[in-house]
Amino acid sequence: MNSVTVRVPAKVNLQLAVGPLRDDGYHDLVNVFHAVSIFDEVTAVAETGMSVRVEGESADQVPEDGDNLAIQAAVALARHAGRSYGVSLAIRKAIPVAGGMAGGSADAAAALVACNELWGLGLPLEDLMEIASDLGSDVPFALLGGTAVGTGRGERLAPLEVGGTFHWVFALADGGLSTAKVYGECDRIRQEGGEPVGHPRAAEPLLAALRVGDARALGAELTNDLQPAALSLRGSLARTLQAGRAHGALGAIVSGSGPTCAFLAESEAHAETLAAALKTENVARDVLTAHGPVPGPTVVQGPPGRAQRIPLSHDESGQS
Ligand code: ATP
């Protein structure tokens with residue numbers, strides 16, 4: 001095989017509970033991840049060296065050197081295999097960059113899957129997961145897709161059965177927010193407030209709403225401990241969230257470390273009306289609709305319009 005293309009979804013956090021700052025600088029998290037239908041595409045072509053180029057949504061803000069997470073993933077996979085493989089990666093971005101939707105992690109996961117195929121390694125998902133958790137806390141979920149509870153730094157994952165499809169609207173902001181800065185601001189706000197920070201736990205009513213596919217109940221249960229920090233760094237997001245609520249969103253939340261805002265709609269039709277209303281209100285750089293959960297990285301082949309899905313082993317676990 002000379003070329004492999006993998007499509008990979010963005011994520012939104014349905015619950016992001018942040019524990020106290022640990023001695024190693026990380027926080028214990030409870031992170032309910034949910035993959036949504038906004039996709040990057042990563043194409044891997046056999047080459048002697050390692051290279052990456054990026055096009056699409058905010059491509060100019062993504063590094064095209066060894067700092068790119070997709071290249072780091074390819075290098076880590078080659079090292080794991082103990083061989084000096086080469087690859088040229090082409091990334092087509094649709095996931096907002098530094099938007100709190102884990103676009104870089106998604107590209108890293110896609111690169112692992114694409115290079116595993118391209119180099120004929122045949123490594124099982126478990127091996128890719130191990131490499132993924134060294135690359136970043138959000139990369140293991142990006143490999144899995146669907147909906148899952150992450151604990152630890154977010155990398156210990158338990159997939160969840162979800163009883164339906166949820167419809168979302170995403171309001172994209174101008175410019176990104178640095179995840180590290182948002183965590184720093186969260187620590188600062190907490191220190192100032194002086195309240196003790198408890199050990200994070202998954203919210204049972206949220207998990208129940210997911211199990212039965214109840215959008216109204218889910219909307220009421222969305223929480224993000226990073227939201228006050230994101231709002232403190234980017235005050236305009238409060239107006240964006242308010243506009244979504246005013247137009248009937250069942251839940252309105254900053255996605256991960258922001259600045260993308262996520263709104264849960266009642267139905268696909270409601271998502272379209274909500275998106276149109278947010279566009280009219282002028283509270284976002286762009287507004288997208290999407291649904292979730294969707295499966296993780298998917299190998300696609302052939303010319304556009306005749307894409308063929310090659311199921312990965314984890315698709316058989318009922319996540320697709
Ligand atoms: P998260 O939700 O995991 O905190 P994010 O969605 O806020 O992440 P990303 O889009 O992953 O943020 O980008 C974070 C930074 O990583 C960017 O500023 C960018 O410079 C860098 N980066 C490295 N590789 C990539 C990539 N393939 N795609 C996007 N950003 C990348």
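This is a short tutorial dialogue on the ligand site of a predicted model.

Student: What should I know before reading this model?

Tutor: Residues are numbered from 1 along each chain as its sequence is written, and side-chain values use heavy atoms, with hydrogens and water left out. As the model is predicted, local features need pLDDT of at least 70 and side-chain atom pairs count only at pLDDT 80 or more, while totals for chains, interfaces and linings use all residues.

Student: How many residues surround the ligand, and which are the closest?

Tutor: A residue is near a molecule if one of its heavy atoms lies within 4 Å of it. Here 22 residues surround the ligand, and the closest are Ala98, Ala102, Gly104, Asp138 and Thr179.

Student: Which helix gives the most to that shell?

Tutor: Helices are DSSP runs (H or I, at least four residues), numbered from the N terminus. Helix 2 gives the most, with three residues.

Student: Where is a polar side-chain atom of Asp107 relative to the ligand?

Tutor: A polar contact is a pair of N or O atoms within 3.5 Å; within protein, one must be able to donate a hydrogen and the other to accept it, and residues adjacent in sequence count only if both atoms are side-chain atoms. The Asp107 atom lies 2.9 Å from a nitrogen atom of the ligand. A side-chain N or O atom of Lys93 is 3.2 Å from a ligand nitrogen, and a backbone N or O atom of Gly104 is 2.8 Å from a ligand oxygen.

Student: What does UniProt list as "active site"?

Tutor: UniProt positions follow the numbering used here, feature names are shortened, and annotations may be inferred rather than shown by experiment. The unreviewed entry lists Lys11 and Asp138. They span 128 residues in sequence, yet their C-alpha atoms are no more than 9.3 Å apart, so they gather at one spot.

Terms used: Helices (H or I, at least four residues) and strands (E, at least two) are DSSP runs, numbered from the N terminus.
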